[in-house]
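Biologist: I would like to go through this structure one question at a time. Please put it up first.

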Amino acid sequence: MKSRLFTLFALFMVLALVLSACGASASAPTEAAAGAETTASTQEPLAPGQVEIRWFIGLGTGTDPDQLAAEQEVVDAFNAAHPEIRLVTEIVTYEAAFDTLATEIAAGNPPDIVGPMGVDGAESFHGYWLDLTDLIAANNYDLTQYDEGAVNFYKTGGEGQIGIPFGVYPSVMYYNKPLFDEAGLNYPPHQYGEPYVWADGTESEWNYETVQQLAMLLTVDANGKDATDPAFDATQIVQYGYIPQYQDARAMGSYFGAGSLVAEDGKTAQIPEAWAAAWKWIYDGTWKYHFIPNQAVIDSPDMGAGDTFGGGRAAMALTHTWYYSEISLEDWDMAAVPSYNGVTTANFNADTFRIMKTTQNPEAAFTVLTYLLDDASLKLLNTYGAMPARKTDQAEYLAALNDQYAWKPDWQVVSDSIAYADNPSFEAWIPNYLEARARVANDFTTMLQSTEGLNIDDEIAKLKSDLQVIYDKK
């Protein structure tokens, strides 16, 4: 899942070509880019009245050998049950998927359904996804089986309901229990709305101010001094109190409040006030108060070589639930995401399947989509390692997951966090998406975590100015 954080900046030029080519007449299919593989070429001609639906896989997870086997089982089962539709897969490596899909769109030969993929992959093709509102109504598809926040996650930007929940990765605050025990500190609250209880029985709102106070007590130098001690040596830190694990600047900002880097007019750059506050908090925590490791520390072998929490060198880490499968550390647990200004935002990673606007068979495509979301969902979710978005499936999923961990983390926190999803998503569309994303998710993030002595207000103003220049290119 960490691949979500990487920017394929070179594809900006590809998408620019797509946008300019979409108005041209192009009906003949082109050869798929290197790395693409489709089952369509091995099929017999369609039967009278039968339609073909192409399922494009590769813009997210789904291309590992065991995943391909499960997906083919789903295809075979669907085709056996729906003789009027032939479902075929188009398998493309992640490295080639963006290029391949862009080429197919430009050539007038796009697939019908794409997925599984997250917001970042989908927004790289912003404007190409079908509004499902009418199909949902016509087929009486029940959206109440999902948390309202998960449904609304796919209903932003005036495009309608462009997705239905499938697999979700809510945010939680991971914490290292032995490090809290060693410091004589109580664990963070697991239930949303509960305060943090200090060792003396006093209570504090579970917000980022409290996180900072805790994190400074849990940041320790080689002499055993914590970051609140005047004798603390910031050049000899052996344990940090907090890390924004695998977060880029967009994610960092959104934990302080959902927002967008483009105004409602779709063309004016803006910096949400909460995001600016989050960036200052992260920057000060890194360079002034020293409870957050900088990038050089994060990358160092002694601090986990990129996985500071998993290496046992951080007491708290805020990130998504796909992370727990990567943690080799034992005896950790999960707590509620903190609030900012009284509002909790637990930003959200989520995978689903989307129908392209260009499909010639929207009803058939919707039949396939709902099959993937319903009949095939548990097989695919288990294959992809995602938590079910469907509420009735979550208890069974979490119970099975609990058997994997001897120390029994509190999985209820995962379910509870879904209601606090960010909307709009921190990965949502902004103009000239790939270049703009690179400026904030790569350049600005690197600056926050790698450059000491900056005036962050000036850097935020510069980011806004740079984004406007990038937006105006469109």
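Biologist: How many bridges join strand E6 to E12?

Modeller: The model is predicted, so every answer here is about a predicted structure. Strand E6 covers residues 171-176, and strand E12 covers residues 332-335. One pair that faces each other is Asn176 and its bridge partner Trp332 in E12. The two strands run antiparallel, and the number of bridges joining them is four.

Biologist: Which strands stand at the edges of the open sheet?

Modeller: The sheet is open and has five strands with mixed pairing, in the order E9-E10-E11-E6-E12. A strand at an edge has a single partner strand, so one side of it is left without a neighbour in the sheet. The strands in that position are E9 and E12.

Biologist: Are the residues on the two faces of strand E12 buried or exposed?

Modeller: On one side of E12 are Trp332 and Met334, and on the other are Asp333 and Ala335. To count as buried, a residue must have under 20% relative accessible area. Both faces of the strand are covered, and the four residues are all buried.

Biologist: In which sense do E10 and E11 pair, parallel or antiparallel?

Modeller: Strands of a sheet pair through backbone hydrogen bonds, and both senses are possible. E9 and E10 pair in the antiparallel sense over two bridges, with Val220 opposite Gln239 in E10. E6 and E11 are also antiparallel, over five bridges, and there Val172 has Thr319 as its bridge partner. E10 and E11 are joined by three bridges, with Tyr242 standing opposite Met316, and their sense is parallel.

Biologist: Which helix packs on the sheet and touches E6, E9, E10 and E11?

Modeller: Strand E11, residues 314-320, is one of the strands touched. Seven of the seven residues of E11 are buried. The direction of the helix makes about 145° with that of E11, and the helix, residues 208-217, is H8.

Biologist: Which helix gives the most residues to the largest nonpolar core?

Modeller: The largest nonpolar core has 68 residues, and Tyr174, Phe309, Trp332 and Phe353 touch the most other members. The helix that gives the most to this core spans residues 362-373 and supplies eight residues; it is H12.

Biologist: How many residues are in the other core that lies apart from it?

Modeller: Among the members of this other core are Leu179, Trp279, Phe291 and Ile292. The number of residues in that core is 64.

Biologist: At what angle do helices H10 and H16 pack?

Modeller: H16 covers residues 433-450, and the axes of the two helices are 8 Å apart. From H10 the contact uses Trp279, Tyr283 and Trp287, and from H16 it uses Val440, Phe444, Met447, Leu448, Gln449 and Ser450. These residues divide into seven nonpolar, two polar and no charged. The packing angle is about 35°.

Biologist: Why does Thr286 count as buried?

Modeller: Thr286 lies in helix H10, residues 273-287. A polar atom of its side chain lies 2.8 Å from the backbone oxygen of Ile282. Beyond four places in sequence, Thr286 touches Ile292, Pro293 and Asn294. Thr286 counts as buried because the limit is under 20% and its relative accessible area is 6%.

Biologist: What separates the C-alpha atoms of Leu143 and Arg390?

Modeller: Leu143 sits in the loop between helices H5 and H6, and it is partly exposed, with a relative accessible area of 22%. Leaving aside neighbours within four places in sequence, Leu143 is in contact with Ile136, Val151 and Ile164. Leu143 and Arg390 are 247 residues apart along the chain, and their C-alpha atoms are separated by 9.3 Å.

Biologist: Asp331 and Asn432 both have a positive phi. Which relative accessible area does Asn432 have?

Modeller: Neither residue is a glycine; phi is about 65° in Asp331 and near 50° in Asn432. Asp331, in the loop between E11 and E12, is partly exposed at 28% relative accessibility. Asn432, in the loop between H15 and H16, is buried, and its relative accessible area is 3%.

Biologist: Which residue does a cis peptide bond join to Asn423?

Modeller: One cis peptide bond runs from Gly115 to Pro116, with omega near 0°, and Pro116 is in strand E4. For the bond at Asn423, omega is about 10°. The partner is in the loop between H15 and H16, and it is Pro424.

Notes. Residues are numbered from 1 along each chain as its sequence is written. This is a predicted model: local features need pLDDT of at least 70, side-chain atom pairs count only at pLDDT 80 or more; totals for chains, interfaces and linings use all residues. Side-chain values use heavy atoms; hydrogens and water are left out. Buried means under 20% relative accessible area, exposed over 50%, partly exposed in between (1.4 Å probe, protein chains only). Two strands pair if DSSP finds at least two bridges between them. A polar contact is a pair of N or O atoms within 3.5 Å; within protein, one must be able to donate a hydrogen and the other to accept it, and residues adjacent in sequence count only if both atoms are side-chain atoms. Contact means heavy atoms within 4.5 Å. Axes are lines fitted to C-alpha atoms, for helices over the stretch in contact, and angles run from 0 to 180 degrees between N-to-C directions. Ala, Val, Leu, Ile, Met, Phe, Trp, Tyr, Cys and Pro count as nonpolar, Asp, Glu, Lys and Arg as charged, and the others, Gly among them, as polar. A nonpolar core is a set of buried Ala, Val, Leu, Ile, Met, Phe, Trp, Tyr and Cys residues joined through side-chain atoms within 4.5 Å.
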